[in-house]
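Work through the following exercises with the sequence and the 3D structure at hand. Try each task before reading its solution.

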Amino acid sequence: MLRTVRTLGVLAAATLLTAFTPAPAAPPAAAEGGLREVLFVGNNWEGTADVLASTGDLAKVGRIDVIPDKAERLREIYLNPVKLAFFLGIRESAGEGHDQFVDDMFTTPDGSAVVVSRPSFADVVSIDLASGRINWRFPVSGHRSDHMAVSPDGTRVAVSASTSNTVHVLDISTGRQAGSFRTGDKPHENTFTRDGRYLWNSSIGEVNTALDAPWLDWTKGDRKITVVDAQTFRTVRVIDMRERLDAFGRKDLSDSVRPVSFSPDESKLYFQVSFFGGFLEYDVATDRITRLKDLPANPATSTDRTSWVNDSRHHGMSMSPDGTKLCVAGTMDDYATVVDRATLAEGPLVPASKPYWATVSGDGTACVISESGTDRVTAIDFATGAKRVSVPVGDHPQRVRIGHVPAAWAGPTGR
């Protein structure tokens, strides 16, 4: 019986794997349809998004206000005791004493709008890039919105509603819900497969308590990866990393999966977990963890796990388009580094102040990290591992995403 179950599990994994078809890398600075490729940087505590050139010197293109309706939202929050309790709770926990006004961002295919998740307002909004006005607003279930993902064709966004254990999938143009599905506790990262057939969600559990000792890990909740069919939203697979970590011999590690990166052929998943300074490699077809990379600890980093922001040690990871390099944000260790995927050897440790995210530049040659501690965005060369350029942005940058704006766009007008 056990052999049959194991065989079925491998067959299911193989079915998913065969559906993963690599897509060619997007051309840098695409000008098709009069659009310009840019980087959107979400300034979480400020409620703005800086728009930068996606390559080269990361020159500033413009800035948008992602909370133009702030007064209206605050009015409804302060008139509702339950909403107010969650709003203040987010400020004092995940927000580190600040409101969280922008988490994630993706532009519409025509470059006319940017869709933003706003944790403290528990919603997703579409903001017109020409006028700065809100096109549509979708309040998520529960009381906090979180990470998003955009489908490969750009028509849908998935957003985690972290307090209701739900992921909503929305039409990016209208804001109408196409579907939703249930997850583990506190859904976080969302990732579409390249063919758009599946959507992976990882739930991170409770990260705002001080019960951070390894023996209290069970208090963090039900954490798992939920894989759903992106059309029917039915669950096709659930991955409990606790079982895989134990089988790998690392019962000491948390099973709270944080940022992830797929290999180009999507046969391997690289992922970070709470409290760990490094990452792991998971083989999709065989359903097992195959390698672990333990990155250097900064001697200046406190060993008090309760002082690490939202249970993070390292938070942020991206892969070079050719799949040869991984870029890792060593959040609490104040550095970023490029790791060779074949050997897992790290490159230079580039000093960075609380780097919170890592993405890929438009031309695919650099990793771009957000330095939330110094309000900067920094590009690191994938080939050499050296810093290229660092530019100032707004207050507490977190998510950095590639997007598109009209070629002549320089910020909203008519506001």
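**Exercise 1. A helix with two sides**

Which exposed residues does the face of H3 turned away from its buried side carry? The model is a predicted one, and helix H3 covers residues 81-92.

Solution.

Step 1. Check the length of the helix. H3 has 12 residues, and at 1.5 Å a residue they should span 16 Å. The C-alpha atoms at its ends lie 16 Å apart, so the expected span and the model agree.

Step 2. Find the buried residues. Buried means under 20% relative accessible area. In H3, Leu84, Phe87 and Ile90 are buried.

Step 3. Look down the axis. The buried residues of H3 fall within an arc of 130°, and therefore they line one face of the helix. The general rule behind this is that an α-helix has 3.6 residues a turn, so residues three or four places apart point the same way.

Step 4. Find the packing partner. The buried residues of H3 pack against helix H2 (70-78).

Step 5. Turn to the other face. Exposed means over 50% relative accessible area. Pro81 and Glu92 are the exposed residues on the face of H3 turned away from its buried side.

**Exercise 2. The second largest pocket**

Describe the second largest pocket by its volume, its lining and the elements that supply the lining.

Solution.

Step 1. The volume of the second largest pocket is about 410 Å³.

Step 2. Its lining consists of 27 residues. Ala94, Arg144, Lys186, Val207 and Asn208 are the ones nearest the centre of the pocket.

Step 3. At least two lining residues come from each of H3, strand S8 (145-150), S12 and strand S28 (397-406). H3, the helix of Exercise 1, gives the most, with three residues.

Step 4. Sorted by class, the lining of this pocket has 13 polar, seven nonpolar and seven charged residues.

**Exercise 3. Closed spaces inside the model**

How many cavities of 30 Å³ or more does a search of the whole structure find? Describe the lining of each.

Solution.

Step 1. The search finds two such cavities. The largest has a volume of about 50 Å³, and the second largest has a volume of about 30 Å³.

Step 2. Lining the largest cavity are Glu189, Thr191, Trp200, Asn201, Ser202, Ile225, Val260 and Leu269. Strands S12 (187-192) and S13 (198-203) each supply at least two of these residues, and S13 has the largest share, with three.

Step 3. By class, the lining of the largest cavity has four nonpolar residues, three polar and one charged.

Step 4. Residues lining the second largest cavity include Ser54, Thr55, Gly56, Asp363 and Arg388. Its lining divides into five polar, four nonpolar and two charged residues.

**Exercise 4. Two aspartates with positive phi**

Where do aspartate 311 and aspartate 334 lie, and is each one buried or exposed, or partly exposed?

Solution.

Step 1. Recall the general rule: most residues other than glycine have a negative phi. Aspartate 311 has a positive phi of about 65°, and aspartate 334 has a positive phi of about 60°.

Step 2. Place aspartate 311. It sits in the loop between strand S19 (288-294) and strand S20 (317-319). Aspartate 311 counts as buried because its relative accessibility is 3%.

Step 3. Place aspartate 334. It is in the loop between strand S21 (325-330) and strand S22 (335-340). With a relative accessible area of 35%, aspartate 334 is partly exposed.

Definitions and conventions: Residues are numbered from 1 along each chain as its sequence is written. This is a predicted model: local features need pLDDT of at least 70, side-chain atom pairs count only at pLDDT 80 or more; totals for chains, interfaces and linings use all residues. Side-chain values use heavy atoms; hydrogens and water are left out. On a 1 Å grid over the protein atoms alone, a cavity is a set of points where a 1.4 Å probe fits but cannot get out, and a pocket is an open set with protein on both sides within 12 Å along at least five of seven lines; lining residues have an atom within 4 Å of a point. Grid points are joined across faces, edges and corners, and a volume is the space filled by probe spheres set on the points. Helices (H or I, at least four residues) and strands (E, at least two) are DSSP runs, numbered from the N terminus. Ala, Val, Leu, Ile, Met, Phe, Trp, Tyr, Cys and Pro count as nonpolar, Asp, Glu, Lys and Arg as charged, and the others, Gly among them, as polar. The expected span of a helix is 1.5 Å times one less than its number of residues. Buried means under 20% relative accessible area, exposed over 50%, partly exposed in between (1.4 Å probe, protein chains only). The arc is that of the directions from the helix axis to the C-beta atoms. Contact means heavy atoms within 4.5 Å.
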